[in-house]
Amino acid sequence: MTDRTPDHIARLVPRLGLTGTERILELGAAPGAAVAVIGPLLAGDGHVTALDRSAVGVRRIHERNRDLVDAGRLTVLEQDLTMLDGDSLRPARFDVIFASNVNVFWTHPDKANVATLAGLLAPGGRLHLFYGYGPGDGVSRPGGPGSGRDTGGLVAATLERDSALTAVTVDGVSAPLEIRASRIVG
Ligand SMILES: C[S@@+](CC[C@H](N)C(=O)[O-])C[C@H]1O[C@@H](n2cnc3c(N)ncnc32)[C@H](O)[C@@H]1O
């Protein structure tokens, strides 16, 4: 039986703007739902590295996406992103790095390893961080209908502090909430 794609995953993947040939890193990728949607889009050198700190989660990513692993399109890593050492990843540079509902970027920004992630992006590469599951979740406005915290503002401030990132934007209108940044070129 095919696992159902959660609505928030179905909504966020098109917002990655993929052509299919990108080298992609997903952070907190369990249970592999986004990977399963992205897999059929891959072409040419397109590849996904899916990272999660949970051993059970990593097993689920594998089970859900065995065909992509067998095709050489997917690498799955049990790894805490707060301990990530950029030198240990292959490929060494990514065109797109994204995460959905990985809270460390606003709960413990000093531990989120943003400098390492920025260093893993190819020049012009994009970082997309999504929050929430449905309309109104993870809203970017303090006092909005979600938890009341300004997730978008907190995460944007974290990304803006990194000198290798530019063009930080918050989309709090579409669901899920998205905070986006690009790696400076040159
Ligand atoms: C709330 S779940 C979201 C799962 C999926 N991305 C989604 O949006 O449906 C958070 C996931 O991120 C992983 N995660 C949280 N913090 C992490 C960290 N510091 N390093 C790696 N993975 C992390 C968890 O193990 C879990 O699989």
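The following questions and answers go through a predicted model, its strands, its core and its ligand shell.

Residues are numbered from 1 along each chain as its sequence is written. In this predicted model, local features need pLDDT of at least 70 and side-chain atom pairs count only at pLDDT 80 or more, while totals for chains, interfaces and linings use all residues.

User: How many residues of strand E4 are buried?
Analyst: Strands (E, at least two residues) and helices (H or I, at least four) are DSSP runs, numbered from the N terminus. A residue is buried if 20 or more other C-beta atoms lie within 10 Å of its own, exposed if 12 or fewer, and partly exposed in between, with C-beta atoms placed from the backbone. Strand E4 covers residues 94-100 and is mostly covered, the buried count being 7 of its 7 residues.

User: Which residue in E4 stands opposite Leu25?
Analyst: Two strands pair if DSSP finds at least two bridges between them. Strand E1 (residues 23-27) pairs with E4 in the parallel sense over 4 bridges. Opposite Leu25, the residue in E4 is Ile97.

User: What is the bridge partner of Ser100 in E5?
Analyst: E4 is joined to strand E5 (residues 121-131) by 6 bridges, and the two run parallel. In E5, the partner of Ser100 is Phe130.

User: Do E5 and E7 run parallel or antiparallel?
Analyst: Strand E7 spans residues 177-183, and 6 of its 7 residues are buried, so the rest of the structure largely encloses it. Leu129 stands opposite Ile179 in E7. The strands E5 and E7 are joined by 6 bridges, and their sense is antiparallel.

User: How many residues lie between E6 and E7 in their hairpin?
Analyst: E6 and E7 pair in the antiparallel sense over 5 bridges. Leu165 stands opposite Arg183 in E7. The two strands form a hairpin, and the number of residues between them is 5.

User: Why is Val170 classed as partly exposed, and how many C-beta atoms surround it?
Analyst: Val170 is in strand E6 (residues 165-171). Its C-alpha lies 9.7 Å from that of Thr151, 19 residues away in sequence. Val170 is partly exposed because the number of other C-beta atoms within 10 Å is 19.

User: Which residues is Thr116 in contact with, leaving aside its neighbours within four places in sequence?
Analyst: Thr116 lies in helix H6 (residues 114-120). Thr116 has 17 C-beta neighbours inside 10 Å and so counts as partly exposed. Residues are in contact if their C-beta atoms, placed from the backbone, lie within 7 Å. With those neighbours left aside, the contacts of Thr116 are Leu84 and Gly86.

User: How many residues does the largest nonpolar core have?
Analyst: A nonpolar core is a set of buried Ala, Val, Leu, Ile, Met, Phe, Trp, Tyr and Cys residues joined through C-beta atoms within 7 Å. Among those with the most contacts inside the largest one are Leu27, Ala29 and Ile97. Beyond four places in sequence, the contacts of Ala29 include Val35, Ala50 and Ile61. The residue count of the largest core is 48.

User: How many residues of the shell around the ligand are charged?
Analyst: The ligand is surrounded by 14 residues, each with its C-beta atom, placed from the backbone, within 6 Å of it. The closest are Gly28, Ala30, Arg53, Leu81 and Ser100. Ala, Val, Leu, Ile, Met, Phe, Trp, Tyr, Cys and Pro count as nonpolar, Asp, Glu, Lys and Arg as charged, and the others, Gly among them, as polar. The shell holds 5 nonpolar and 6 polar residues, and the charged number is 3.

Methods
Contact = placed C-beta atoms within 7 Å.
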